[in-house]
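Open the model in your viewer and keep the sequence panel visible. The stops below say what to select and what is found there.

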Amino acid sequence: WIYDIEPYLIFEVANGKSLFFSGHRAYEMANRITLALEENKKVIVDTQIKNIVNQILKSKLNEIEVICNYSSMLQFRKILLGKNILWN
C-alpha cells in the first residue's frame, strides 16, 4: 500500500512539515514520502515508536499529524495516553 498512494496526496499532507517515521516499515515509508516531495526534506526515522514519540516531543512542535496503519496507531495511542483502547 505504501507505493499505491498518489504522490500529490502525499505532497499535500507532508510538504513543508517536519517528517517523523516509525514502525516496522519506517524506512520504506520515509523513502516513499521523500520521493513524492519536490524538495529534499530532513526526515527522522526510528523503528521504535516510543523513540519517535520522544523525538517529536523534544521538537516542541505545536501541531502534528500522524499517518499510520491500524496496528501502529494502537501502539502510538498507548504511548501517548498511557493506556490501551478499552473494548466494551
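Start with a contact map of the protein chain: of the contacts between residues at least 6 apart in sequence, 55% join residues at least 24 apart. The model is a predicted one, so colour it by pLDDT before going further. The average over the protein chain is 76, and 84% of the residues score at least 70. Confidence is lowest in α1, where the mean is 72, and highest in α3, where it is 85. Where pLDDT is low, the predicted coordinates should not be read in detail.

Next, switch to a cartoon view. The protein chain holds four helices and two strands, in the order α-β-α-β-α-α from the N terminus. Of its 88 residues, 24% are buried.

**Stop 1: the nonpolar cores**

Which residues form the largest nonpolar core? Select Ile10, Ala14, Leu19, Phe21, Ala26, Met29, Ala30, Ile33, Ala36 and Leu37, ten residues in total. At least two of them come from each of α1, β1 and α2, and α2 gives the most, with five. Apart from this core lies another, of six residues, including Phe20, Val53, Ile56 and Phe76. In soluble globular proteins, nonpolar side chains tend to be buried together.

**Stop 2: phenylalanine 21**

Centre on phenylalanine 21 in strand β1. Phenylalanine 21 counts as buried because its relative accessibility is 8%, and the cut-off for buried is under 20%. Leaving out residues up to four places away in sequence, phenylalanine 21 touches Ala26, Met29, Ala30, Ile33, Val43, Ile44, Val45, Asp46 and Ile52. For a distance label, pick the C-alpha atoms of phenylalanine 21 and isoleucine 49: they are 8.5 Å apart in space, with the two positions 28 residues apart in sequence numbering.

**Stop 3: alanine 30**

Move to alanine 30, one of the contacts of phenylalanine 21. Alanine 30 is in helix α2. Is alanine 30 buried or exposed? With 6% relative accessibility, alanine 30 counts as buried. Beyond its neighbours within four places in sequence, alanine 30 is in contact with Phe21, Val43 and Val45. The C-alpha atoms of alanine 30 and valine 43 lie 7.2 Å apart, and the two residues are 13 apart in sequence.

**Stop 4: glycine 23**

Now select glycine 23, in the loop between β1 and α2. Its relative accessible area is 8%, so glycine 23 is buried. Setting aside residues up to four places away in sequence, glycine 23 touches Asp46, Thr47 and Ile49. From glycine 23 to glutamine 48 the C-alpha distance is 6.0 Å, across 25 residues in sequence.

**Stop 5: the largest pocket**

Finally, turn on a surface and find the largest pocket, with a volume of about 910 Å³. How many residues line the largest pocket? The lining has 35 residues, and Phe20, Phe21, Val66, Ile67 and Cys68 lie nearest the centre of the pocket. Colour the lining by residue class: 23 are nonpolar, eight polar and four charged. Then colour by element: α1 (7-14), β1 (19-21), α2 (26-36), α3 (49-59) and α4 (70-81) each supply at least two lining residues. The element that gives the most is α4, with five residues.

How values were computed. Residues numbered from 1 in each chain as written. Predicted model: local features only at pLDDT ≥ 70, side-chain atom pairs only at ≥ 80, totals over all residues. Heavy atoms only, no water. 1 Å grid on protein atoms, 1.4 Å probe; cavity = no way out; pocket = protein on both sides within 12 Å on 5 of 7 lines; lining within 4 Å. Points joined across faces, edges and corners; volume = space filled by probe spheres on them. Nonpolar A, V, L, I, M, F, W, Y, C, P; charged D, E, K, R; others polar. pLDDT = per-residue confidence, 0-100. Core = buried A, V, L, I, M, F, W, Y, C linked by side-chain atoms within 4.5 Å. Buried < 20%, exposed > 50% of the residue type's maximum accessible area, 1.4 Å probe, protein only. Contact = heavy atoms within 4.5 Å.
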